[in-house]
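Got a minute to look at a fold before you set anything up? Here's a quick briefing to read alongside the model.

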Amino acid sequence: MFQRFHRRTRSNLLALLRMVSKGQDSPPLSLLDDRQLRWTIDAGLGPLLWSVSREDLKNGESPSCRAVKAADLTARLISQIQLETLGEILGKCEGLFPPITLLKGSSTGSEFYPEPHLRIMRDLDLLVDPKDQPKLESILLKIGFRQQSTNSHEFYATHHHSMPFYHLPTGVWVE
C-alpha cells in the first residue's frame, strides 16, 4: 500500500509541478487528497501550493487548507528573519573587506523566484576570501552566533568551509 500511495503521490506532485512550471495559475486541488496534501507540506512545497492555489484555498475550512496556508506563513516568517539577519551581517562587514558573495538561497531566492520565501533556505551561505574569513567569523561571534556542529573540529580542517555558525535567538545558520 505504501508503494502505491508513494507512486500516486509522486505522480500527482509531478503533475502539480508541471502545471506550475507551465504558468498555470491554479492547479486543481483535486489532484491531491488530504494525505498527499500533508506530504506536500512536509516535503516543503506548501508555500508553492499556496502561491498557485491561493484563491481555491482561501475560503477552505479543512485542516489541510489551513495547513497549506500555515506552511506559507511560516516560510514567509523564516525567510524574513533570515534576510534581516543577512542584512545585519552585511551591515557589520561593510567597508571592512571586499563585498561578501552570497551563495545559493540568499542570492537566488529574490532573483529567480516569484517570491523569496518560495526558495526555502536552511542557512545563509557566505563566501569571502580566505584571508578575510577570520574577520567575518569574529563579527559573527560578536553579534551572537556560535559555532556548532555534530562533526568534529578536525572534520572542518579539510572541509570547504569552517564549522557552521548558529544564532539561537533567530534560529539562523551561517556557513
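What follows walks through the cores, the sheet, one helix and a few buried residues.

Keep in mind that this is a predicted model. Its largest nonpolar core has 17 residues, and there is an open sheet of three strands with the helix α6 lying across it.

**The nonpolar cores**

- In the 17-residue core, the residues with the most contacts inside it are I89, L136, F145 and V174.
- Two or more residues of this core come from each of α4 (63-93), α6 (133-142) and β5 (172-174).
- Another core sits apart from that one; it has eight residues, including L37, I41, A67 and V68.
- Which residues does V174 touch, not counting those up to four places away in sequence? They are I89, L124, L126, L140, F145, P164 and F165.

**The sheet**

- The strand order is β3-β4-β5, and the pairing is antiparallel.
- As for the edges, β3 (146-147) and β5 each pair on one side only.
- Strand β4 (residues 165-167) is joined to β5 by three bridges.
- Across that pairing, F165 stands opposite V174 in β5.
- As background, strands of a sheet pair through backbone hydrogen bonds, either parallel or antiparallel.

**Helix α6 and its two faces**

- The helix α6 lies across β3, β4 and β5, and runs at about 25° to β4.
- Its buried residues are L136, E137, I139 and L140.
- Why do these count as one side of α6? They cover an arc of only 155° around the axis, so they end up on the same side of the helix.
- The cover over the buried residues of α6 includes α4, β2 (125-127), β3, β4 and β5.
- Turned away from that buried side is a face with the exposed residues P134 and K142.
- Just after α6, G144 takes a positive phi of about 105°.

**H167, a histidine in the sheet**

- You'll find H167 in strand β4.
- Is H167 buried or exposed? It counts as buried because its relative accessibility is 11%, under the 20% cut-off.
- The H167 side chain makes a polar contact with the side chain of T170, at 2.8 Å.
- Setting aside neighbours within four places in sequence, H167 is in contact with I143, G144, F145 and V172. G144 is the residue with the positive phi just after α6, and F145 is among the residues with the most contacts inside the largest core.

**L124, buried in a loop**

- L124 is found in the loop between α5 (105-112) and β2.
- With a relative accessible area of 0%, L124 is buried.
- Where do its contacts lie, leaving aside neighbours within four places in sequence? L124 is in contact with Q82, L86, I89, S106, V172, W173, V174 and E175.
- Q82 is 42 residues from L124 along the chain, and their C-alpha atoms are separated by 7.5 Å.

**D72, a buried acidic residue**

- D72 sits in helix α4, the helix that also gives two or more residues to the largest nonpolar core.
- The relative accessible area of D72 is 2%, so it is buried.
- Which residues does D72 contact, leaving aside neighbours within four places in sequence? The contacts are P47, W50 and H117.

Note on methods:
Residues are numbered from 1 along each chain as its sequence is written. This is a predicted model: local features need pLDDT of at least 70, side-chain atom pairs count only at pLDDT 80 or more; totals for chains, interfaces and linings use all residues. Side-chain values use heavy atoms; hydrogens and water are left out. A nonpolar core is a set of buried Ala, Val, Leu, Ile, Met, Phe, Trp, Tyr and Cys residues joined through side-chain atoms within 4.5 Å. Buried means under 20% relative accessible area, exposed over 50%, partly exposed in between (1.4 Å probe, protein chains only). Helices (H or I, at least four residues) and strands (E, at least two) are DSSP runs, numbered from the N terminus. Contact means heavy atoms within 4.5 Å. Two strands pair if DSSP finds at least two bridges between them. Axes are lines fitted to C-alpha atoms, for helices over the stretch in contact, and angles run from 0 to 180 degrees between N-to-C directions. A polar contact is a pair of N or O atoms within 3.5 Å; within protein, one must be able to donate a hydrogen and the other to accept it, and residues adjacent in sequence count only if both atoms are side-chain atoms. The arc is that of the directions from the helix axis to the C-beta atoms.
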